[in-house]
Amino acid sequence: MKMINDIVYWFISSGTATVLFIFAWKYLKPVLEAKKLHAKTVQEKELLNLVESLADNVVNSLASNSAMTGHDKFKTATSLVGGTLAEKGFDVDQTMVEHAVQSAYEKSDLTPTVNPNTKPITGVVINHD
């Protein structure tokens, strides 16, 4: 037992333990930083997916409401999505919520789309068929 105590005492007093710790830290620190960055990226991706799915659900529920104007629907949708996320404890930037709601409106089948290549028809149109 005394021999083990002497070896441990030499290991600590000679500085070998410190050198091994510093050497191990130089190799482990980049690995730990990479894992931390990866975890943060995964969390942000999951949060973005949650925001998009909430925006899709809210937009689909509001799109068929003909009593509201488009601007009112957008304001209501952004406040509902932002409020739901805040209730659950997520800190999401308002612009991210607005972009998600806008994207959901653009993807929705219930919102009308306009073909930019067609020319608007104005006035009296006479077709000679």
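This is a conversation between a visitor and a guide about how the parts of one predicted protein model get their labels.

Visitor: How many helices and strands does the protein have?

Guide: Welcome! The model is predicted, and its secondary structure comes to four helices and zero strands. Reading from the N terminus, the elements run α-α-α-α.

Visitor: What makes T78 a buried residue?

Guide: Let's set the value against the cut-off. Buried means under 20% relative accessible area. T78 has 8% relative accessibility, so T78 counts as buried. You will find T78 in helix α3, which covers residues 70-87.

Visitor: Which residues does T78 touch, leaving aside its neighbours within four places in sequence?

Guide: T78 is in contact with Q94, V97, E98 and V101. As for the protein in general, buried residues make up 16% of its 129 residues.

Visitor: Why is the pair K2 and D6 called a salt bridge?

Guide: The rule asks for a side-chain nitrogen of Lys or Arg within 4 Å of a carboxyl oxygen of Asp or Glu. Between K2 and D6, the N to O distance is 3.5 Å. That value is within 4 Å, so the pair qualifies as a salt bridge. Both residues lie in helix α1 (residues 2-13), four residues apart, which is about one turn of the helix.

Visitor: How do you know whether K2 and D6 are exposed or partly exposed?

Guide: Exposed means over 50% relative accessible area, and partly exposed lies between that and the 20% limit for buried. K2 has a relative accessible area of 60%, so K2 is exposed. D6 has 41% relative accessibility, so D6 counts as partly exposed.

Visitor: How many salt bridges does this rule give?

Guide: The count comes to two. Besides K2 with D6, there is a salt bridge between K107 and D56.

Visitor: What makes K107 and D56 a salt bridge?

Guide: Their closest N and O atoms are 3.8 Å apart. The limit is 4 Å, so this pair also meets the rule. K107 lies in helix α4 and D56 in helix α2, so the pair ties together parts that are 51 residues apart in sequence. K107 has 49% relative accessibility and therefore counts as partly exposed. D56, at 25%, counts as partly exposed too.

Visitor: Why are α2 and α4 called oblique to each other?

Guide: Helix α2 (residues 16-62) and helix α4 (residues 94-107) pack at an angle of about 50 degrees, with their axes 8 Å apart. Roughly parallel needs an angle under 35 degrees, and roughly perpendicular needs 65 to 115. An angle of about 50 degrees fits neither, and α2 and α4 are therefore oblique to each other. In this packing, α2 passes α4 in a right-handed crossing.

Visitor: Which residues make the contact between α2 and α4?

Guide: From α2 come L48, V51, A55, D56, V59 and L62, while α4 brings M96, A100, V101, A104, Y105 and K107. By class, these divide into 10 nonpolar, no polar and two charged residues.

Visitor: What makes L48 partly exposed?

Guide: L48 sits in helix α2. Its relative accessibility is 35%, which is between the 20% and 50% limits, so L48 counts as partly exposed. The C-alpha atoms of L48 and A100 are separated by 8.6 Å, although these residues are 52 apart along the chain.

Visitor: Why are α2 and α3 oblique rather than roughly antiparallel?

Guide: Roughly antiparallel needs an angle over 145 degrees. The angle between α2 and α3 is about 140 degrees, with the axes 10 Å apart. That angle does not pass the limit, and α2 and α3 are therefore oblique to each other. Their contact involves L50, V51, L54, A55, V58 and L62 of α2 with K73, T76, A77, L80, V81, T84 and L85 of α3. These residues divide into 10 nonpolar, two polar and one charged.

Visitor: And why are α1 and α2 called oblique to each other?

Guide: Their axes come within 4 Å and cross at roughly 60 degrees. Roughly perpendicular begins at 65 degrees and roughly parallel ends at 35, so α1 and α2 are oblique to each other. The contact is made by W10, F11 and I12 of α1 and T16, A17 and L20 of α2. By class, that is five nonpolar, one polar and no charged residues.

How values were computed. Residues numbered from 1 in each chain as written. Predicted model: local features only at pLDDT ≥ 70, side-chain atom pairs only at ≥ 80, totals over all residues. Heavy atoms only, no water. Axes fitted to C-alpha atoms, helices over the stretch in contact; angles between N-to-C directions. Helix = DSSP H or I, 4+ residues; strand = E, 2+ residues; numbered from the N terminus. Left-handed = near helix turned anticlockwise from the far one by under 90°. Contact = heavy atoms within 4.5 Å. Nonpolar A, V, L, I, M, F, W, Y, C, P; charged D, E, K, R; others polar. Buried < 20%, exposed > 50% of the residue type's maximum accessible area, 1.4 Å probe, protein only.
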